[in-house]
Amino acid sequence: MAMHHIGLKQINGSLVVLDGVENAGFDELVHIHLSNGEVRQGRIVQIDGKRVVVQVFEGTQGLSMENTSTHFTGKPLEIPLSLELLGRIFNGSGKPIDGLGEIFVEKYADINGLAINPVSRKYPRNYIRTGISSIDALTTLIRGQKLPIFSDSGLPHNKLAVQIATQAKISDKGDDSKFCIVFAAMGVKNDVADYFKDRFEKSGVLERVAMFVNLSNDPIIERILTPRCALTAAEYLAYEKNMHVLVILTDMTSYAEAVREFSSSKGEIPGRKGYPGYLYSDLAQLYERAGVIKSSEGSVTQIPILTMPNGDITNPVPDLTGYITEGQIVLSKDLFGQGIYPPVYVLPSLSRLMKDGIGKEYTREDHQPVANQLFACYARVQDARSLASVIGEEELSETDKAYLEFGKNFESYFLTQGDEEERSIEQTLNLGWDLLCLMPKEELNRIDSELLEENYDPSRAKRFKAKI
Amino acid sequence: MASEIFSINGPVIKVRKTKEFSMMEMVYVGKQKIIGEVISINADETTIQVYESTTGLKPGEPVYSTKTPLFATLGPGIISNIFDGIERPLRDMEKISGNFIGIGSDIPSLNENALYDVTIEARVGDRLEPGEVYATCPETSMITHRCMLSPLLKGGVVKTVKPDGKYRVNDVIVTIQDDDGKQSELTLAQNWPIRVARPVKKRLSISRPLLTGQRIIDTMFPIAKGGTAAIPGGFGTGKTMTQHALAKWSDADIIVYIGCGERGNEMTQVLEEFSELIDPRTGKALTDRTTLIANTSNMPVAAREASIYTGITLAEYYRDMGYHVAIMADSTSRWAEALREISGRLEEMPAEEGFPAYLPSRLSQFYERAGYMQTLSGKEGSVTIIGAVSPQGSDFSEPVTQNTKRFVRCFWALDKSLAYSRHYPAINWMDSYSEYDEDLKEFYDREVGEEFLKTKKKISALLAEEANLMEIVKLIGADVLPDDQKLIIEISKVIRVGFLQQNAFHKDDAYVTLEKQKKMMNVMLYFYDQAFDLISNGVPFSTIVDSGIFSKLSRIKYDIPNDDLGKFDSYYREIDMFIKNQQDD
């Protein structure tokens, strides 16, 4: 039933209060008509009898107690969907902003989505090749996984995200017609959004990208809707059109700040660092929309990017994200300072689903042991370095010296890679073996004796030694 | 007439001016009949938390009273099944609402059409007391289900019984008349309010370990059947991996795995993996002894709060049949956060970090439902609780970890730096503890000999000594240490890598018997003792390293298969040979 209400009772931040409303549903979409002809959208966030609290997406500037007429639509916020989404650019609430007009609508879907039934999920098993050694070998991205990039201001996370998006391959046969990208920008700077658009265009992937853009000067409430619109589009493409969808969400920290701002304007009790107590559930509702389901060929893979305030991994946003996502890729300021790109700090980085998506059937049989050994060796490198900084390199034992050398070469050959350089999984793993051959054999205790016997050959490491 | 909804705020609903409801009563909310629970009542308002999304709900919609508290349905069909937080079967929900969980799916918990091969144990004229068995039926290949008189009923005399045969869950098979003359019809199933502990005859003292096949747990920090343990650790330290390993390999009869506010893919992994894995003790599929409760992080938060209670109620029910049940709760922090979230919506005064003041009492109520019990019918059964804790910011001083620590007796602290170097299980041997050593001493002495505990103490001592030495090494390097201390560092490395670290994906290392654990420790310490003597006699440490025995010892876990423990002899021979050569030189 369409109802119009004239005037408002109260305006507070992005919230407006209406009184005397009947038959309004929780979470319902409302249209607020201003006297100057402008129409804004809002959502019901609380109902107390006939008193209704509405959150206005575009902000409340210019609203007064009397100049509005509010229309209740009787349904939650829905966005139009069809295959035409690809190649288009939308604002944070799903309206086209590229000047090409509305899209042809196949169906409408509620942006809140529904939880996937755990028994309907298929356990993600196949990997996405990014062509980046540190990711493919050590934190393999699996189809249907959610693997965030933890970064900091000033680090090249956008460059890395673009490299992943443009190089990502789902099959070695070169058939990527079923592969597409949904890109959601939340509170990013104008030039960052342009950078992404530009790079997608140059590498020729733009026609399989759907972009949802909320810039840093756009209303914050719209920012809360942006990832929901993007994920609704991704679910449609994956589960109804059987596509493999890679969703890039940047920047989740801005998103969380928008949630915090909204929560405090509602007068809710704050939890850690002012974030509301339900931030975990709220983030989970986004991240858990990644996955593979039984009835469809497609998959939703997420790469959320978040900048850790002050580089602090224990900040609530990266902390809660890490508890929900299936691993994380951590970028390091130190490595970047040494000129290493991509500056992936592999020790705290992890891909939880990796163990089942690699190996004989997917990548190569020796992938897991090589990855374990590289991790273990690089962990020891840190000990050797801190020791060297105290007693000097000269005083180190032979083993520790070998670790130092391994560390240096690992960083400059394995981690370092050009921003358009694509390595196959064979190249990456062979490079890993070459580096391991720098170490004395007895230090390689994470590898089966048999496998080690087969591959260990100190001459493989000669090329590194020659260059130092 | 039903009461009407007045206000809606997320999962919290308020109803005005009614005296119809009682505390903790289960209600149906709205036209879609969403399940809810009454959580507070005052003169003006009744507050209800609902277990599903409230999108589209309107004020004025009806709220129906059920006059019963939120309960779990207990009967055959629980094992091998997967439920959400309020015991709705997820497989049946999939049939009704597809891949995504719809709203208002009120589905019976147990399959009402399945037929069970029932043997009636009660005879007409028998007296049946609460907790006594009146019928049995095979539930899975491993588990015999025993139907017991519900403790909610009074004992009485059996009036009628059906013959043995095939019956459905809700078929009446026995009727009894209690002393007040009240007749009750008994089916295969019964209901129990999830927030109330099921009664037992008495609590017995703890005496048997829950063997897990994990060396660092069985040997260093054992847990008892009926005991409680916490696994705290930041993200990426392997809480879930450890829980999975315990669910797979521990020697409980039944596993209740609660995925409380965790990842959907993890639950799928458990489902897939467990149906393929074989229980090493019985040779049957692991799913035949496992029940799953999956309330993933994106499912309604109120149902997450209930999932812990649903899980423990199922566990207690099987304990009453005389089984040893282990609960894996992953993760209790998510449950605590659900409490915080609902408390916030109720505008309660927060205590530490926004958690409600009743957090410690709720945690203790949960952990106290564990125990080794004598059941009402005189059998022995136990519930062991292993709860994962996800500390915010990996900081163990936060309220959930600190309060949990007060109520558990086993603390397996997961360590980030171990996880970074891929040392799994990443249980830190310096921060972890188990208070069950004394209780289990008799068992260990009997099963693996009195030497076992002494050997273990020696191992702990070596590791502690190593930790001290490493402080020095960090400052001045290992080269300047005297040879005997170098030996401690080297043998500790063998213990760490070769013993404490365990590969969950290696066929011989995923599960290790207590016997092999003992033999591994013994041979490592034997070499240490022999090498120590050599060093005292002036043999340089480098000679001992060059023998290659250290690195051979580190690989015992892979090189000696579980079914060929005789191979240990060759290690002793090699050590003796080496020692002899040195003495001869």
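H10(A) and H12(A) sit oblique to each other, because their angle is neither under 35 degrees nor in the 65 to 115 or over 145 ranges. Keep in mind that this is a predicted model. Besides that helix pair, here's a quick tour of a second one in chain A, some strand pairings in chain B, the cavities, and a few backbone oddities.

**Helix packing in chain A**

- Two packed helices are described by the angle between their axes and the distance between the axes.
- For helix H10 (residues 367-391) and helix H12 (residues 425-436) of chain A, the angle is about 45° and the axes are 10 Å apart.
- The handedness of the H10(A) and H12(A) crossing is left-handed.
- Then there's helix H2 (residues 157-167) with helix H3 (residues 190-202), also of chain A: their axes cross at roughly 25° and come within 11 Å. An angle under 35 degrees counts as roughly parallel, so that is how H2(A) lies to H3(A).
- H2(A) and H3(A) cross in the right-handed sense.

**Strands in chain B**

- Four strands of chain B make up an open sheet, and reading across it you get E10-E13-E15-E16, with antiparallel pairing.
- Which strands are at the edges? Strand E10 (127-128) and strand E16 (183-186) of chain B, each of which pairs on one side only.
- Inside that order, strand E13 (residues 156-161) and strand E15 (residues 174-178) of chain B are joined by five bridges, in the antiparallel sense. If you want a spot to look at, find Val158(B), which stands opposite Ile176(B) in E15(B).
- Strand E11 (residues 133-138) and strand E12 (residues 144-148) of chain B also run antiparallel, and five bridges join them.
- E11(B) and E12(B) form a hairpin, and five residues lie between the two strands. Here the pair to look for is Ala135(B) opposite Cys147(B) in E12(B).

**Cavities**

- Rolling a probe the size of a water molecule over the atoms shows where empty space is left.
- How many cavities of 30 Å³ or more does the structure hold? There are seven of them, and the largest has about 80 Å³ of space.
- Both chains help line the largest cavity: chain A residues there include Gly271(A), Arg272(A), Tyr275(A), Tyr280(A) and Leu320(A), while Arg340(B) and Gln392(B) come from chain B.
- Helix H6 (279-287) and helix H7 (316-324) of chain A each put at least two residues into the lining of the largest cavity.
- Sorted by class, the lining of the largest cavity comes out as six nonpolar, three polar and two charged residues.

**Backbone oddities**

- Going from Asp330(B) to Ser331(B), the peptide bond is cis, with omega near 5°. You'll find Ser331(B) in the loop between strand E22 (324-330) and helix H6 (332-345) of chain B.
- Another cis peptide bond runs from Tyr424(B) to Pro425(B), this time with omega near -10°. Pro425(B) is in the loop between helix H9 (416-420) and strand E26 (433-434) of chain B.
- Over in chain A, Asn310(A) isn't a glycine, yet its phi is positive, at about 60°. The loop that holds Asn310(A) is the one between strand E17 (299-307) and H7 of chain A.

Definitions and conventions:
Residues are numbered from 1 along each chain as its sequence is written. Chains are lettered from A and ligands numbered from 1 in the order in which they are written. This is a predicted model: local features need pLDDT of at least 70, side-chain atom pairs count only at pLDDT 80 or more; totals for chains, interfaces and linings use all residues. Side-chain values use heavy atoms; hydrogens and water are left out. On a 1 Å grid over the protein atoms alone, a cavity is a set of points where a 1.4 Å probe fits but cannot get out, and a pocket is an open set with protein on both sides within 12 Å along at least five of seven lines; lining residues have an atom within 4 Å of a point. Grid points are joined across faces, edges and corners, and a volume is the space filled by probe spheres set on the points. Ala, Val, Leu, Ile, Met, Phe, Trp, Tyr, Cys and Pro count as nonpolar, Asp, Glu, Lys and Arg as charged, and the others, Gly among them, as polar. Two strands pair if DSSP finds at least two bridges between them. Axes are lines fitted to C-alpha atoms, for helices over the stretch in contact, and angles run from 0 to 180 degrees between N-to-C directions. A crossing is left-handed if the near helix is turned anticlockwise from the far one by less than a right angle, and right-handed if clockwise.
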